[in-house]
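Me: I am new to this structure, and I would like a careful, connected look at one part of it, with enough about its surroundings to place it. Please take the helix that comes first along the chain, and go slowly.

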Amino acid sequence: MSRQRIVPLLKAHRYILRELVPPFIGGTLLFVAVILANTIIGQSEDIFHLRASPRAIFTWLFYRLPFICTVAFPVGAMLGTSLTVIRMGREIGRASCREIG
């Protein structure tokens, strides 16, 4: 049985990851909030008609989160990647290329 060697992150990988994570998290949270708001607005007539308690509404939204996250994670990844590429190309592309070697 052969042991596989774990390759450490290069300086360039750490730099790109540091630039990628904040837009990914921000984009994912923003998209989750938009979908939750759309869910509440779409079902508002039923919520008011049934006179649902706030606890029941929050529980219902909590149970919808796994489905919403399956949609929000790819959108957050796309948004984070595009913002990172644009930012690196515009502001610090040349400096990062010099830094990498």
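Reply: A residue is called buried here when its relative accessible area is under 20%, exposed when it is over 50%, and partly exposed in between. By that rule, buried residues make up 20% of the 101 residues in the protein. Please keep in mind that this is a predicted model, so every value below is computed from predicted coordinates.

To place the helix, it helps to begin with the whole chain, which has 3 helices and 0 strands, its elements running α-α-α from the N terminus on. The protein exposes about 8400 Å², and carbon and sulfur atoms supply 68% of that area. If one takes the contacts with a separation of 6 or more, 83% of them are accounted for by residues 24 or more positions apart.

The part you asked about is helix α1, which takes in residues 11-42. Its 32 residues reach 47 Å from the first C-alpha to the last, close to the 46 Å expected at 1.5 Å a residue. There is nevertheless a bend of about 25° in α1 at L20, and a proline, P22, follows within four residues.

What does α1 keep buried, and what does it show at the surface? The buried residues of α1 are A12, Y15, E19, P23, G27, T28, V32, I35 and T39. On the surface, by contrast, L17, V21, I25 and L29 form a nonpolar patch, with about 350 Å² of accessible area together. Of these four, L29 can be taken as an example: its place is in helix α1, and it counts as exposed because its relative accessibility of 58% is over the 50% limit.

Among the buried residues, E19 deserves a closer look. Its relative accessible area is 13%, so it counts as buried, and its side chain meets that of R87 in a salt bridge, with 2.6 Å from N to O. Because R87 lies in helix α3 and E19 in helix α1, the pair ties together parts that are 68 residues apart in sequence. A search of the whole structure finds 1 salt bridge. The partner R87, at 37% relative accessibility, counts as partly exposed.

Another place to look from α1 towards helix α3, which covers residues 54-100, is F73. Leaving aside its neighbours within four places in sequence, F73 is in contact with F24 and T28, and T28 is one of the residues listed above as buried in α1. The C-alpha atoms of F73 and G27, 46 residues apart along the chain, are separated by 8.7 Å. F73 itself counts as partly exposed, because its relative accessibility is 44%.

Further along, F62 also lies in helix α3, and its C-alpha atom is separated by 9.7 Å from that of L36, although the two are 26 residues apart along the chain. With a relative accessible area of 54%, F62 is exposed.

Between these helices, one residue of the connecting chain may catch your eye, namely R51, whose place is in the loop between α2 (44-50) and α3. Phi of R51 is near 55°, a positive value in a residue other than glycine, and R51 counts as exposed, at 75% relative accessibility.

Coming back to α1, then, the helix carries a nonpolar patch on the surface at L17, V21, I25 and L29, while its buried E19 is joined to R87 by a salt bridge.

Methods
Residues are numbered from 1 along each chain as its sequence is written. This is a predicted model: local features need pLDDT of at least 70, side-chain atom pairs count only at pLDDT 80 or more; totals for chains, interfaces and linings use all residues. Side-chain values use heavy atoms; hydrogens and water are left out. Helices (H or I, at least four residues) and strands (E, at least two) are DSSP runs, numbered from the N terminus. The expected span of a helix is 1.5 Å times one less than its number of residues. The bend at a residue is the angle between axes fitted to the seven residues ending there and the seven starting there. Buried means under 20% relative accessible area, exposed over 50%, partly exposed in between (1.4 Å probe, protein chains only). Patches are made of residues with over 30% relative accessible area and no salt bridge: like charges are joined within 9 Å, nonpolar side chains (Val, Leu, Ile, Met, Phe, Trp, Tyr) within 5 Å. Accessible areas come from the Shrake-Rupley method with a 1.4 Å probe; for residues, only the protein chains shown count as cover. A salt bridge is a side-chain nitrogen of Lys or Arg within 4 Å of a carboxyl oxygen of Asp or Glu. Contact means heavy atoms within 4.5 Å.
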